[in-house]
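Please open the model in your viewer and keep the sequence panel beside it. The tour below goes from one selection to the next and says what is found at each stop.

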Amino acid sequence: MLAQYHQGQVTVPRLVALLDAMGIAVSKRQVVRLLIDGQGRFRAEAQDVLRAGLANAAWITVDDTGARHKAQNGTCTHIGNDRFAWFGTTGSKSRLNFLGLLRAGHSDYVINPEALAYMRSRSLAAPVIRQLAEHEAKHFADRAAWQAHLDQLGISALKVTPDPTLIATEGALWGSVKAQGLIKDTVIVSDDAGQFQVGRHALCWVHAERLVHKLDTFTDHHRAAQQRMRSLIWWFYADLKAYRRDPTPARRAALRARFDRIFKRQTGFATLDRLLARLHANKAELLVVLDRPEIPLHTNGSENDIRCHVTKRKISGGTRSDAGRDCRDAFLGLAKTCAKLGISFWDYLGARLGVPQTSAIPNLAELVADPA
């Protein structure tokens with residue numbers, strides 16, 4: 001039933017009909033209980049997979065999509081690479097929410113050098129940073145303890161821009177991520193959504209080119225300029241892929257100079273010229289691959305992985321309980337992780353459920369952490 005529901009995407013009513021056809025009298029409520037109750041070990045293993053992935057990954061790709069929970073709109077965020085996948089459904093898609101997910105289940109808030117550096121990068125006022133840095137309290141067990149600290153220092157009462165409470169909280173979350181040994185030197189590759197712009201960040205070239213592709217054109221000159229720029233971008237993209245296979249200092253310098261020549265062009269198509277200037281402003285994030293050739297040039301991995309969640313949403317709608325939501329996310333992530341590691345999800349379930357004559361399968365987190 002677990003394999004049918006989570007990997008086969010079979011709905012609960014169809015599971016009931018299938019079991020009934022096999023002569024097993026079972027209600028829809030009983031099926032839901034079998035799918036959700038007592039699955040804490042699977043949820044824990046999924047959390048361990050995320051921690052192992054974030055602690056050891058050279059890069060991750062991220063994406064999100066809409067999700068329904070308790071009749072409310074929310075967001076499912078995907079985090080993964082070529083060795084693991086993890087899904088987490090929450091009520092929002094803010095940077096604060098993403099940083100909370102990167103803690104991988106930990107609930108603490110930490111003020112450390114990384115947290116203070118984050119606050120400075122987000123233009124938090126120097127007096128506020130000084131208050132947090134000089135106070136003896138540096139570790140807070142949960143949200144309530146952290147909020148009490150902000151209230152005590154008077155930071156939560158400040159009404160200025162940027163919001164000191166928001167930036168300080170994001171910084172404390174980033175400090176927690178670093179204190180747990182996660183995202184050590186990991187590059188986060190995203191589609192340029194603002195909530196993902198934390199740490200060492202790289203942009204997806206496919207999404208960047210899509211901006212040029214989707215421009216509205218009205219004259220032959222516009223169309224010719226658009227097609228010319230698209231050809232130059234894809235030509236450059238092909239050479240970036242070749243550089244990943246054989247990186248050299250000379251090619252790195254040549255590609256940096258060529259990027260400037262492409263994105264500083266003046267085509268006479270005003271909208272396209274503004275877009276090229278915007279892409280040129282993202283040069284550092286688009287060319288992270290020149291310093292880190294192991295990272296992908298796109299977020300196709302996340303785009304492909306998250307389709308299983310989209311399919312589940314289409315055929316089953318939303319979830320009604322927190323346990324149901326957590327089980328759905330955990331099993332989808334475990335199934336994807338098994339596929340990436342070359343493990344049969346059926347065999348994995350059999351090993352975890354103690355089915356006789358099933359081969360033992362190590363904890364997936366151990367396999368994710370060990371690239372060999």
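A residue is called buried here when its relative accessible area is under 20%, exposed when that area is over 50%, and partly exposed in between. With that in mind, note that what you have on screen is a predicted model.

**The whole chain**

Begin with the protein chain shown as a cartoon, in which the secondary structure comes to 19 helices and 7 strands. Along the principal axes, the C-alpha atoms of the chain fill a box of roughly 70 × 60 × 45 Å. If you colour by burial, buried residues account for 48% of the 372 residues. Switching to a surface view, you have about 17,800 Å² of accessible surface, 52% of which belongs to carbon and sulfur atoms. Of the contacts between residues at least 6 apart in sequence, 67% join residues at least 24 apart.

**An aromatic cluster**

Next, select F42, F331, F345 and Y348 and show their side chains, since these four form one aromatic cluster. The structure holds 12 aromatic pairs, and two that involve F42 are worth a stop. In the pair of F42 and F331, the ring centres are 4.8 Å apart and the planes stand at 40 degrees, so this pair is tilted. F42 belongs to helix α4 (residues 40–56) and F331 to helix α17 (residues 322–341), so the pair ties together parts that are 289 residues apart in sequence. Both F42 and F331 are buried.

Now keep F42 and turn to Y348, where the ring centres are 6.1 Å apart and the planes are at 65 degrees, so the pair is edge-to-face. Because F42 lies in helix α4 and Y348 in helix α18 (residues 345–353), this pair ties together parts that are 306 residues apart in sequence. Y348 is buried, as is F42.

**Two charges over rings**

Select Y5 together with K312, and you will find the charged end of K312 over the ring of Y5, 3.6 Å from its centre. Then move to W235 and R258, where R258 lies over the face of W235, at 5.1 Å from the ring centre.

**Helix α13, side by side**

Select residues 270–281, which make up helix α13. Its 12 residues should span 16 Å at 1.5 Å a residue, and a distance drawn between the end C-alpha atoms gives 17 Å, which agrees. Which residues of α13 are buried? They are L272, D273, L275, L276, L279 and H280. Looking down the axis of α13, you will see these buried residues fall within an arc of 160 degrees, so they line one face of the helix. On the face turned away from the buried side of α13 are the exposed residues R274 and A281. To see what covers the buried residues of α13, add its surroundings, which include α10 (205–213), α11 (220–245), α12 (249–263) and α14 (283–286).

**R256, the last stop**

From α12, pick out R256, which has its place in that helix. R256 is partly exposed, with a relative accessible area of 28%. A distance drawn from C-alpha to C-alpha between R256 and T271 gives 24 Å, although the two are 15 residues apart in sequence. What does R256 contact, leaving aside its neighbours within four places in sequence? Show K283, L287, L290 and D291, with which R256 is in contact once those neighbours are set aside.

How values were computed
Residues numbered from 1 in each chain as written. Predicted model: local features only at pLDDT ≥ 70, side-chain atom pairs only at ≥ 80, totals over all residues. Heavy atoms only, no water. Helix = DSSP H or I, 4+ residues; strand = E, 2+ residues; numbered from the N terminus. Expected span 1.5 Å × (residues − 1). Buried < 20%, exposed > 50% of the residue type's maximum accessible area, 1.4 Å probe, protein only. Arc of directions from axis to C-beta. Contact = heavy atoms within 4.5 Å. Phe/Tyr/Trp six-rings, centres within 6.5 Å; stacked < 30°, edge-to-face > 60°. Lys NZ or Arg CZ within 6 Å of the ring centre and 35° of its normal. Areas by Shrake-Rupley, 256 points an atom, 1.4 Å probe, with all protein chains shown as cover.
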